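Let's take a stroll through this protein, stopping at a few spots along the way. Keep the 3D view open and turn it as you read.

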Amino acid sequence: MSEQTILVTGAAGFIGFHVARQLLAEGRHVVGLDSLNNYYDPALKQARLDILRTDSRFDFVQADLADRPSIARLFATYRFGAVVHLAAQAGVRHSINHPHAYVDANLEGFVNVLEGCRHHECRHLVYASSSSVYGANTKLPFSVGDRTDAPISLYAATKKANELMAYSYSHLYRLPVTGLRFFTIYGPWGRPDMAIFLFTRSILEGKPIRLFNHGRMRRDFTHIDDVRRVVLRLVDRIPEDGDAGHPPARIYNVGNHRPEELLHVVALLEKELGRKATKDMLPMQPGDVVETFADVDDLMRDTGFRPQTSIEDGISGFVAWYRDHYKV
């Protein structure tokens with residue numbers, strides 16, 4: 001296959017779908033991999049996939065990342081020029097009760113991707129990390145140089161492990177790797193287990209919304225359009241060996257650089273939906289943090305990226321998509 005062939009793992013997922021769609025729009029050949037598991041409604045994944053499949057440059061492979069022989073065959077068949085690895089078992093709270101799912105997808109699966117890249121001369125691996133690696137850091141905003149060795153959930157620990165594994169492969173095999181610490185991402189085709197999606201559904205159904213820490217949470221909500229733009233800029237921006245033997249490995253925060261009060265987000269949803277939310281005020285959840293806030297100076301310096309989507313515009317667009325998709 002040509003150097004233009006790009007593997008997008010988690011292609012039926014929220015971020016993977018948008019990234020794959022954009023790559024196709026730019027004329028790239030994309031192989032999308034997804035296990036289509038039932039962590040959330042598979043019908044939403046199928047609907048995303050149906051859109052991608054309308055493009056003749058898209059090939060879909062259904063496989064589990066932890067299935068070593070299948071992933072080895074996939075890499076041997078296509079010899080990808082670049083890999084955008086977005087598949088993972090997501091969710092902080094889910095990791096408390098389902099730890100093995102995180103080990104299978106996020107650790108075993110990640111090694112299988114690294115091995116595929118190593119053995120088949122992949123020019124660049126771009127992979128998803130998470131703002132959760134910052135744990136209970138109180139210094140704000142979170143900067144890439146901050147300590148990240150005190151994760152407060154297993155999900156966060158697996159994402160930090162991914163960063164370390166990628167660095168070691170970059171060091172040993174000079175594999176260029178770029179890790180992206182995603183902050184709270186939202187927008188059309190979003191994940192149903194994320195706050196804005198959950199709140200929208202509950203408000204429309206007249207069900208109470210659960211606000212942890214009594215709603216006193218702040219999140220650096222980042223719109224999917226901004227995320228998509230960043231990933232596309234970085235795919236072709238291949239890290240080079242640094243000074244003093246540093247490997248070709250980079251990590252960036254991908255955030256909006258502006259935390260929003262959760263109660264403000266709820267108020268915007270109420271306005272867009274034309275109805276009030278019933279609020280169920282609850283204490284902090286295990287593994288959760290009060291505030292996230294991304295320092296994106298490195299990203300802006302290296303790529304010219306500027307977050308462009310305000311929370312007001314983002315919420316308005318999400319509600320419009322939700323009403324259209326679910327006919328409500």
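## Trp189 and its unusual phi

Find Trp189 in the loop between S7 and H7. This is a predicted model, so everything here is about a computed shape. Trp189 isn't a glycine, yet its phi is positive, at about 70°. Is Trp189 buried or exposed? With a relative accessible area of 11%, Trp189 is buried, because anything under 20% gets that label.

Now look for His257, which sits in the loop between S11 and strand S12 (260–261). Here too phi is positive in a residue other than glycine, with a value near 60°. His257 is partly exposed, its relative accessible area being 33%.

## A hole inside

Back to the elements on either side of the Trp189 loop. The structure holds one cavity of 30 Å³ or more, and the largest cavity has a volume of about 80 Å³. There are 13 residues lining that cavity, and Ile185, Tyr186, Met194, Ile196 and Phe197 are the ones closest to its centre.

Which elements supply at least two residues each to this lining? They are strand S7 (185–186) and helix H7 (195–205). H7 gives the most, with three residues. Sort the lining by kind and you get nine nonpolar residues, three polar and one charged.

## Phe199 on helix H7

While you're at H7, pick out Phe199, which belongs to this helix. Phe199 is buried, with just 6% as its relative accessible area. What does Phe199 touch, once you leave aside its neighbours within four places in sequence? Its contacts are Ile209, Arg210, Leu211, Leu262, Val266 and Leu269.

Take one of those partners, Ile209. Phe199 and Ile209 are 10 residues apart along the chain, and their C-alpha atoms are separated by 5.9 Å.

For another pair, try Ala72 and His214. They are 142 residues apart along the chain, and 47 Å separates their C-alpha atoms. Ala72 lies in helix H3 (residues 68–78), where it is partly exposed at 44% relative accessible area.

## The loop between S5 and H6

Next stop: the loop between strand S5 (124–130) and helix H6 (154–173), which is where you'll find Asp146. Asp146 is buried, with a relative accessible area of 14%. A polar atom of the Asp146 side chain lies 2.8 Å from the backbone nitrogen of Ser143. Setting aside neighbours within four places in sequence, Asp146 is in contact with Tyr134, Asn137, Lys139 and Pro141.

One of those contacts, Pro141, sits in the loop between S5 and H6 as well. What kind of peptide bond joins Leu140 and Pro141? The bond is cis, with omega at about -10°.

## An open pocket

Follow the chain on into H6 and you reach a pocket. The second largest pocket has a volume of about 230 Å³. Of its 14 lining residues, those closest to the centre are Tyr167, Ala249, Arg250, Ile251 and Tyr252.

Three elements each supply at least two residues of the lining: H6, strand S11 (249–254) and helix H10 (297–303). H6 provides the largest share, five residues. As for the kinds of residue, the lining of this pocket divides into eight nonpolar and six charged, with no polar ones.

## Two cysteines without a bond

Finally, how many disulfides does the structure hold? Zero. Cys117 is in no disulfide, and the nearest cysteine sulfur to its own, that of Cys122, is 3.9 Å away. Cys122 is likewise in no disulfide, its nearest cysteine sulfur being that of Cys117.

Why doesn't the pair of Cys117 and Cys122 count as a disulfide? Their sulfurs are 3.9 Å apart, and a disulfide needs two cysteine sulfur atoms within 2.5 Å, so this pair misses the cut-off. Both residues are buried: Cys117 has a relative accessible area of 1%, while Cys122 comes in at 7%.

Conventions:
Residues numbered from 1 in each chain as written. Heavy atoms only, no water. Buried < 20%, exposed > 50% of the residue type's maximum accessible area, 1.4 Å probe, protein only. 1 Å grid on protein atoms, 1.4 Å probe; cavity = no way out; pocket = protein on both sides within 12 Å on 5 of 7 lines; lining within 4 Å. Points joined across faces, edges and corners; volume = space filled by probe spheres on them. Helix = DSSP H or I, 4+ residues; strand = E, 2+ residues; numbered from the N terminus. Nonpolar A, V, L, I, M, F, W, Y, C, P; charged D, E, K, R; others polar. Polar contact = N/O pair within 3.5 Å; in protein donor to acceptor, adjacent residues only side chain to side chain. Contact = heavy atoms within 4.5 Å.
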